[in-house]
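Biologist: Could you take me through the fold of this protein chain, one question at a time, before I set up any calculations on it?

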Amino acid sequence: MTAPPAAQLNFQDRFAGAASRLTAYVIDVAFSTGVFTLAVAGASFVASVITNQSVSWNRTNIVVTIIYLLWEFLYFAYSWAASGKTFGMALLGVRVISADGAAATARQAVIRTLAFPLSFLLLGLGFLGILLQHDRRALHDLIAGTAVIYSWDARAARLRFLARDNPPIPR
Amino acid sequence: MGKRVTDPVESLAQRVAERVVDLVVRSLDVNALVQQVDLNALVDRVDVAKLVDRVDVEKVVDRVDVNKVVGQMDMDQLLAKVNVDDLLARVDINQLLAQVDVAALIDRVDVNEVARRIDIDALVTQTDLGAVIAKSSGGIVGNALDVGRSSAVGLDEFIARWVDRFRRRRYSGPPGPPELLQPARPAPPVSPAVAPGPAISVVEP
């Protein structure tokens, strides 16, 4: 781990970049889908016990797909409204805020969640803003009036590292 | 009749006396006379204390231009003669400190500026503060998180630098909402003895 001191590169409260956001999103999709799959499997098992018939629900079922989309909506919208971050974002140390720096409102969280698929539907062009815009805002950020920043304190992390690897001098 | 005789005589005597004195003074060798005087004996007979008592010292001091006197002094030479150790030995530090208004002194200190000068890295590695932090912070999971985040931020910067290079723009780090960013502070000095931590790895394109 030879790297420049984080003390000189603490990006806390600055706009987050593409890699952190993409990684957080991948983790979120994997996590939320995993939770949903487990929930569906559990529900299938309970249904099969109650009905005494073999029940196998999966996402080829239109009802299950609709519930899945609803779950994804709730997962992202609630997380952004409640704390500005999803599970994946918390792991990567990034957070959704209002474009003016204030905490994201519930309304912004809902709009962001609804506008999020648009960035995909435009052949991914909606995400170009993260790379090209000064404030690194994607299409869904522009629509919802939000931005994503680093909330991770690299300086504190460096101090923890130093504390672990350099035990104090015994007296 | 008596007065008519005595007045011209007295006048004549006066002129004669003046002439005689003039001749005597002219013929007198003052230097030789002074050499014959025993000045020490003369000074011994002078009551200096009585003389000084008659001098108005304040009046004399008022006429002295102190600035001019000080200006003519070689301060370096003067200070070289001062034995500072002796001087300090005579100072009652406790009494001196008792007169200091510590609260007023602290009010004048820019604590933020002082804190900025502290080498936090050296403080953590060389004092028990490191142990406190190590105890209060997470273990393997926390470490893994720090490393993962560092890598992601490093990749962010790598991508951003390359994008700006293609756009022929100079990259100067990620901006942030002005409302959240505090005034820029210079990074504290990093002790050369301290190993680099799980820092953000920024790869130069």
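The exchange below concerns chain A of a predicted model.

Biologist: In what order do the elements of chain A run from the N terminus on?

Modeller: Chain A holds seven helices and two strands, and the order has to place both kinds along the chain. Read from the N terminus on, the elements of chain A run α-α-α-β-α-α-α-β-α.

Biologist: How far does helix H1 of chain A reach from its first C-alpha to its last?

Modeller: Helix H1 of chain A spans residues 18-51, which amounts to 34 residues. At 1.5 Å a residue the expected reach is 50 Å, and the model comes close to that value, with a distance from first C-alpha to last of 48 Å.

Biologist: Which helix of chain B is included in what covers the buried residues of H1(A)?

Modeller: The buried residues of H1(A) include Ala19(A), Arg21(A), Asp28(A) and Ser32(A). Their cover includes, from chain A, helices H2, H3 and H5 as well as strands S1 and S2. From chain B, the cover includes residues 140-166, that is, helix H14.

Biologist: Is S1(A) largely enclosed or largely open, and which residue of S2(A) is the bridge partner of Arg95(A)?

Modeller: Because four of the five residues of S1(A) are buried, with 20 or more other C-beta atoms within 10 Å of their own, this strand is largely enclosed by the rest of the structure. S1(A) also pairs with S2(A) in the antiparallel sense, over five bridges. Within that pairing, the partner of Arg95(A) in S2(A) is Ile149(A).

Notes. Residues numbered from 1 in each chain as written. Chains lettered and ligands numbered in written order. Predicted model: local features only at pLDDT ≥ 70, side-chain atom pairs only at ≥ 80, totals over all residues. Expected span 1.5 Å × (residues − 1). Buried ≥ 20, exposed ≤ 12 C-beta atoms within 10 Å, placed from the backbone. Contact = placed C-beta atoms within 7 Å. Pairing = 2+ DSSP bridges.
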